[in-house]
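Trainee: I have a structure to go through before lunch. Can we take it piece by piece?
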There are 2 protein chains.
Amino acid sequence: MQAKEPRAQFHRAPADERRLALIDACAATLARKGVHGTSVREICAAAGVSPGLLRHYFSGIDELVADTYAAVGAQVQAALNDAVEAADPTPEARLIAYLTASFAPPIADADLLSTWLAFWSLTRTDAKIARLHDEIYAENRITLERLLDAHAPGSDHRLTAIALTALVDGLWLELSLGNAPFTPDEATALAARWLAALLPRI
Amino acid sequence: MQAKEPRAQFHRAPADERRLALIDACAATLARKGVHGTSVREICAAAGVSPGLLRHYFSGIDELVADTYAAVGAQVQAALNDAVEAADPTPEARLIAYLTASFAPPIADADLLSTWLAFWSLTRTDAKIARLHDEIYAENRITLERLLDAHAPGSDHRLTAIALTALVDGLWLELSLGNAPFTPDEATALAARWLAALLPRI
DNA sequence: TCTCTTGTTATACAACCGTATAACAGGAAA
DNA sequence: TTTCCTGTTATACGGTTGTATAACAAGAGA
């Protein structure tokens, strides 16, 4: 004879507060438990919510993960933009601010990397995630090209932006993975030195 | 009434042929199905072997994954070394060979990337994998420092090796992820141009 | 040819997975 | 105060997970 579980108290969240809470919980779980340890139950527990609720806001766990990618991508983009806007208005200072922000919290962060790795690894198997990846990276490249163009107007910065993105990504990856053989300051200096070599006027 | 399954034919593999087959199957499954789709049964099916056999050769799936990381890491290192040794014996040619090989098969390969992403994402949660990562990257950095030192003896190439590793990693990542906005040749040219700017004699 | 070791199999197990469903209750609207 | 909609819960379901186990058979050694 099984005693029936008394129904837990709850309150009805306004607007899409619950939806955002689930997205946050998804990112946090991806970060702390990895793809392998991320499940509907785990996410909902992190959000303090019953497992069934996920499907009230999302068509399934795949859609939640995709929406989480979009949200986290936007957060990263916003953090970088903020750093650039807070810098001195010279092209040089804005570029350096972009680089510095890339190697400092909240961008260089072990949790963010773990979440990001999960997205990367889904790119191969999930078409929606792949499309999101292309959009996010294209936007990032355009931002960078604009910053470069402000410094040296007229010339084509496509390849420069590509290389700088790759360099920053690689340094960011090692830094966030932990145990990196260099400091955030060295990473910034490295990227700046690279810029100076390629764009003589910096 | 369930008919008993007749026992399948098999042959006893010599030495650790089975062990290597399981490692190959693990890498292939990680590549094709991602972390999420990789399970004991999936790996063993790929190896053409019964599920129970995995635990005869490994203490569990975690140990198999770790051993697979070590094996794949060694393969990558060997492919890069081969490319360098096959090049003209000048320091410049050897460096360029290293770069070119990084952006061509079998190194720049979607399957290899998927496998590698799985390893990266396990670095946070699995201490054994984290240690392996440090070893593999340290060895790679030393290889690169030696190549740089052959070109410009005496000076300290620590930071140069770090930056070149990051640049190559970033370009390799985008290239292997698919839909990259640049070609392998452009990636090689980019890295070479970077080297030329920083090491004047190339 | 026989024996014995052990690589290999089929199957069992409890725990977990993502999703489905019906009962419930919060709280705005009337 | 009552009604009613729906956000939220507990629970159920079939399928899959990693591991455990006992039966079996391959093939070397005697």
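Trainee: In what order do the elements of chain A run from the N terminus on?
Mentor: They run α-α-α-α-α-α-α-α-α. That is nine helices and zero strands in chain A, where helices (H or I, at least four residues) and strands (E, at least two) are DSSP runs numbered from the N terminus. Before going on, the ground rules: this is a predicted model, in which local features need pLDDT of at least 70 and side-chain atom pairs count only at pLDDT 80 or more, while totals for chains, interfaces and linings use all residues. Residues are numbered from 1 along each chain as its sequence is written, chains are lettered from A and ligands numbered from 1 in the order in which they are written, and side-chain values use heavy atoms, with hydrogens and water left out.

Trainee: What box do the C-alpha atoms of chain A fill?
Mentor: Roughly 80 × 35 × 35 Å, taken along the principal axes.

Trainee: On to the DNA. Which residues come nearest to strand D?
Mentor: A:Arg18, A:His56, A:Tyr57, B:Arg12 and B:Arg55, out of 26 residues around DNA strand D. A residue is near a strand if one of its heavy atoms lies within 4 Å of it. Of the strand D atoms that come within 4 Å of the protein, sugar and phosphate account for 62%.

Trainee: Which atom of strand D is 2.7 Å from the side chain of B:Arg41?
Mentor: A base nitrogen, and its partner is an N or O atom of the B:Arg41 side chain. A polar contact here is a pair of N or O atoms within 3.5 Å; within protein, one must be able to donate a hydrogen and the other to accept it, and residues adjacent in sequence count only if both atoms are side-chain atoms. On the phosphate side, a polar side-chain atom of A:His56 lies 2.5 Å from a phosphate oxygen of strand D. A:Ser50 uses a backbone N or O atom, 2.8 Å from a phosphate oxygen of strand D.

Trainee: Which elements give two or more residues to that surface?
Mentor: Helix 3 (54–57) of chain A and helix 2 (40–46) of chain B. By class, the surface near strand D has nine nonpolar, eight polar and nine charged residues. For the classes, Ala, Val, Leu, Ile, Met, Phe, Trp, Tyr, Cys and Pro are nonpolar, Asp, Glu, Lys and Arg charged, and the others, Gly among them, polar.

Trainee: And strand C, which residues are closest there?
Mentor: A:Arg41, A:Arg55, B:Arg18, B:His56 and B:Tyr57, with 25 residues surrounding DNA strand C. Sugar and phosphate make up 62% of the strand C atoms within 4 Å of the protein. Polar side-chain atoms reach phosphate oxygens of strand C from B:Arg18, at 2.4 Å, and from B:His56, at 2.5 Å. Helix 2 (40–46) of chain A and helix 3 (54–57) of chain B are the elements giving two or more residues to the surface near strand C.

Trainee: Switching topic. At what angle do helix 1 and helix 6 of chain A cross?
Mentor: Roughly 95°, with the axes of helix 1 (residues 17–33) and helix 6 (residues 110–123) coming within 7 Å. Axes are lines fitted to C-alpha atoms, for helices over the stretch in contact, and angles run from 0 to 180 degrees between N-to-C directions. The two helices are therefore roughly perpendicular, a label for 65 to 115 degrees; under 35 is roughly parallel, over 145 roughly antiparallel and the rest oblique.

Trainee: Which residues make the contact?
Mentor: A:Ala27, A:Leu30 and A:Ala31 from helix 1, and A:Asp111, A:Ser114, A:Thr115, A:Ala118 and A:Phe119 from helix 6 of chain A. Contact means heavy atoms within 4.5 Å. By class that is five nonpolar, two polar and one charged.

Trainee: Last one: where is A:Pro106, and what kind of peptide bond joins A:Pro105 to it?
Mentor: A:Pro106 is in the loop between helix 5 (91–102) and helix 6 of chain A. The bond is cis, with omega about 0°. In chain B, the bond from B:Pro105 to B:Pro106 is cis, with omega near 0°.
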